[in-house]
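Hi,

Here is the structure I promised to pass on. Have a look at it first, and then read my notes below.

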Amino acid sequence: MYKSRKKNESALLNALKELANSYKSRISTYDFGPSFAIGTDENNTYVFFSKVGQNQTIDLCVPISKIKKCYINAESHTVTRNKHAEMITDKLELVFEPKDKSLAPCRFEFFNSDERFQPNGERLLAQKWETLVNGQLRKVAVWFL
């Protein structure tokens with residue numbers, strides 16, 4: 001299992017590096033989820049995302065200067081069993097709301113219940129990157145003042 005996970009992480013990191021190279025950037029900070037990698041470049045100019053699904057690979061890039069805010073979108077439903085309610089996560093994504101209101105938000109999907117049974121640390125990872133990106137957005141805002 002360890003070798004399989006490391007092989008998967010290596011492939012995801014290579015995909016992230018290739019995506020960054022296409023934007024003339026280099027990955028400096030990154031993290032892995034079960035089927036995805038997220039990272040930023042040396043100058044915190046872009047956030048990169050690469051996800052390997054069952055039938056497809058998704059590569060996304062968001063320029064931080066074009067983002068108004070970053071937030072977590074979590075979709076869930078409640079299941080009641082034996083008079084005990086339990087919250088079930090259906091989807092967890094990091095959403096980048098653009099400054100230009102005519103553009104749709106960009107979404108990095110960290111977890112989807114259609115792909116895997118239950119989340120495995122994706123919420124903490126999403127919170128970390130939400131904080132990191134919003135911190136960078138505050139730095140950019142201060143710099144332009």
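**Salt bridges, a sheet and a glutamine**

At 49% relative accessibility, glutamate 42 counts as partly exposed. Keep in mind that this is a predicted model.

I began with glutamate 42 because its side chain meets that of arginine 26 in a salt bridge, with 3.6 Å from N to O, and side chains of opposite charge can pair when their charged atoms come close. This pair links distant parts of the chain, 16 residues apart: glutamate 42 is in the loop between β2 (36-41) and β3 (46-52), while arginine 26 is in the loop between α1 (2-22) and β1 (27-32). Arginine 26 itself is exposed, its relative accessible area being 56%.

How many salt bridges does a search of the whole structure find? It comes to eleven, and two others caught my eye.

One of them joins lysine 68 and glutamate 97, whose closest N and O atoms are 3.8 Å apart. Lysine 68 belongs to strand β5 and glutamate 97 to strand β6, so parts that are 29 residues apart in sequence are tied together by the pair. Both count as partly exposed, lysine 68 at 47% relative accessible area and glutamate 97 at 22%.

The other is between the side chains of glutamate 109 and lysine 91, again with 3.8 Å from N to O. Here glutamate 109 sits in strand β7 and lysine 91 in strand β6, so the pair ties together parts 18 residues apart in sequence. Glutamate 109 is buried, with a relative accessible area of 17%, whereas lysine 91 is partly exposed at 22%. There is a network here too: salt bridges with shared partners join Lys51, Lys91, Glu109 and Glu115.

Now for the sheet those strands form. It is open, has three strands in the order β5-β6-β7, and its pairing is antiparallel. β5 (67-81) and β7 (106-112) are at the edges with a single partner strand each, so one side of each has no neighbour in the sheet. On average, neighbouring strands are turned by 20° against each other, direction ignored. Strand β6 (residues 84-98) runs antiparallel to β7, and six bridges join the two. If you want a spot to look at, valine 95 stands opposite arginine 107 in β7.

Last, a residue away from the sheet strands: is glutamine 136 buried or exposed? Glutamine 136 is in helix α2 (residues 122-144), and it is buried, because its relative accessible area is 12%, under the 20% cut-off. Leaving out residues up to four places away in sequence, glutamine 136 touches Asn44 and Ile64.

Cheers

How values were computed
Residues numbered from 1 in each chain as written. Predicted model: local features only at pLDDT ≥ 70, side-chain atom pairs only at ≥ 80, totals over all residues. Heavy atoms only, no water. Helix = DSSP H or I, 4+ residues; strand = E, 2+ residues; numbered from the N terminus. Buried < 20%, exposed > 50% of the residue type's maximum accessible area, 1.4 Å probe, protein only. Contact = heavy atoms within 4.5 Å. Pairing = 2+ DSSP bridges. Axes fitted to C-alpha atoms, helices over the stretch in contact; angles between N-to-C directions. Salt bridge = Lys/Arg side-chain N within 4 Å of Asp/Glu carboxyl O.
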